[in-house]
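Good morning, and thank you for the time. I would ask you to keep the structure in view while I speak.

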Amino acid sequence: MIKNILITGGAGYIGSHVTEILLKKYKKVFLLDNLSTGHRKLINKKAKFFKLDIHRKDKVRKIIKKNKIDSIIHLAANLIIGEGQRKPKKYYKNNVLGTKNLLEACKDTSVKNFIFSSTAAIYKEGQYKVSEKSIIKPKSIYGKTKIKAENLIRNFSKKNKINYGILRYFNIAGSSPSGKIGLINKNSDHLFKNYSIEILKKKPKLKIYGTNYKTKDGSCIRDFIHVSDIAEIHYLVLEKINKLNISKILNCGYNKGISVLQVAKEFKRQSSKKVNIIETKRRRNDLIKIIASNKNLKKFINWKPKFNNLGKMVKSCIVWEKKIK
Ligand SMILES: NC(=O)c1ccc[n+]([C@@H]2O[C@H](COP(=O)([O-])OP(=O)(O)OC[C@H]3O[C@@H](n4cnc5c(N)ncnc54)[C@H](O)[C@@H]3O)[C@@H](O)[C@H]2O)c1
């Protein structure tokens, strides 16, 4: 039975949503975060919080041992594609060496399950709908660090008999229906965040980077998945790998492509102001279109998404942005 869970990056956007759901299922949830991009406001009061960097291996190990941690959900990372291109060393250190340290801290402890947040950014460009067996060839430094971390986890788990669940998230959007948590970090380079900030201004301008791609409306296509659905996946996958004593790599998305222009139009539709949708030039390192084949996820956890709706995702972001403005 799962009893004591440690979430790294628990004061972040996704970490706070995972915490909210896990606290409904388990009594003891521990959070570890260095608050580099996380926020105190997002720390759930019912969880025990440690302000600590995952690089502090000995301290992390002490926490794991003292609290008899049986399951780790590892979300702590740097994740801004553009920043990763400019600062490859920072990304390698945090995402690869950080993961290595955390794994070493788990060695010969009570840790039995390890869930990791990977990303669609590891897949080769141009495959459109990707399964877990699609070609891996990350375009960005960020994607490269995530696949390296995946490999470290797989090797470590094999040697140390730990079950892993590698979750390859597609694009996360939305805020919890509780209204208590959401994305705070303004530098996250997150489409829904940028549009939410903009839509509350007097004269909103929603930028589209690239409108001449070979897609249905010329803009990039993504598989946006609501953060509360992603959070629930963590719970369901954790229970299942623990029960069956197995490991899995799973794409996490809705198997549905939504264009950036569609998102902009939905923000515009939900606003009473005069919103300008502005076409600008392409950005380097943007994948053109990518959606998740989620067959394996659905089969493994018998998954039924609860928030698969663009209008609701946009609304929850605007409501949250108004609250923290
Ligand atoms: N947001 C997305 O769309 C998305 C998509 C795919 C994958 N992911 C992955 O999900 C995870 C969480 O992302 P998020 O959107 O919640 O980002 P976030 O920045 O809100 O959360 C990351 C958290 O990790 C903490 N952290 C970073 N480095 C740390 C370290 N060395 N030690 C301790 N804490 C550290 C930060 O303070 C922050 O609270 C990341 O691993 C990211 O790569 C996110």
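I shall take the domains, then the ligand shell, then one strand and one helix.

Please bear in mind that this is a predicted model.

I begin with the domains. The domain assignment divides the protein chain into domain 1, made up of 4-172 + 224-252, and domain 2, made up of 175-222 + 255-324. Their C-alpha centres are 23 Å apart. Where the two meet, 37 residues of domain 1 contact 30 residues of domain 2. On the domain 1 side, two or more residues each come from α1, α3 (81-86), β6 (128-130), β11 (224-226), α7 (227-244) and β12 (248-252). Which element gives the most to that side? That is α7, with seven residues. By class, this side of domain 1 consists of 16 nonpolar, 12 polar and nine charged residues.

I turn now to the ligand. There are 28 residues around it, and those that come nearest are Gly9, Gly12, Gly38, Ala76 and Ala77. Four elements, α1 (13-25), α4 (88-106), β5 (113-119) and β8 (171-173), each supply two or more residues to the shell. The greatest contribution is that of α1, with three residues. In terms of class, 15 residues of the shell are polar, 11 are nonpolar and two are charged.

Strand β5, which we have just met in the ligand shell, deserves a closer look. Seven of its seven residues are buried. Asn113, Ile115, Ser117 and Thr119 lie on one side and Phe114, Phe116 and Ser118 on the other, so that both faces of β5 are covered. As for its partners, β5 pairs in the parallel sense with β4 (residues 71-74) over four bridges, and Ile115 of β5 has Ile73 opposite. With β7 (residues 163-169), β5 also pairs in the parallel sense, here over seven bridges. Phe114 has Tyr164 of β7 as its bridge partner.

My last element is helix α8, residues 260-269. Its buried residues are Val260, Leu261, Val263, Ala264 and Phe267. Why do they fall on the same side of α8? They do so because they cover an arc of only 160° around the axis. The general background is that an α-helix has 3.6 residues a turn, so residues three or four places apart point the same way. Among the elements covering the buried residues of α8 are α6 (191-199), β9 (205-209), β13 (258-259), β14 (276-280) and α10 (310-324).

That concludes my presentation, and I welcome your questions.

Technical notes. Residues are numbered from 1 along each chain as its sequence is written. This is a predicted model: local features need pLDDT of at least 70, side-chain atom pairs count only at pLDDT 80 or more; totals for chains, interfaces and linings use all residues. A residue is buried if 20 or more other C-beta atoms lie within 10 Å of its own, exposed if 12 or fewer, and partly exposed in between; C-beta atoms are placed from the backbone. The arc is that of the directions from the helix axis to the C-beta atoms. Two residues are in contact if their C-beta atoms, placed from the backbone, lie within 7 Å. A residue is near a molecule or strand if its C-beta atom, placed from the backbone, lies within 6 Å of it. Ala, Val, Leu, Ile, Met, Phe, Trp, Tyr, Cys and Pro count as nonpolar, Asp, Glu, Lys and Arg as charged, and the others, Gly among them, as polar. Two strands pair if DSSP finds at least two bridges between them. Domain bounds come from an automatic or database domain assignment.
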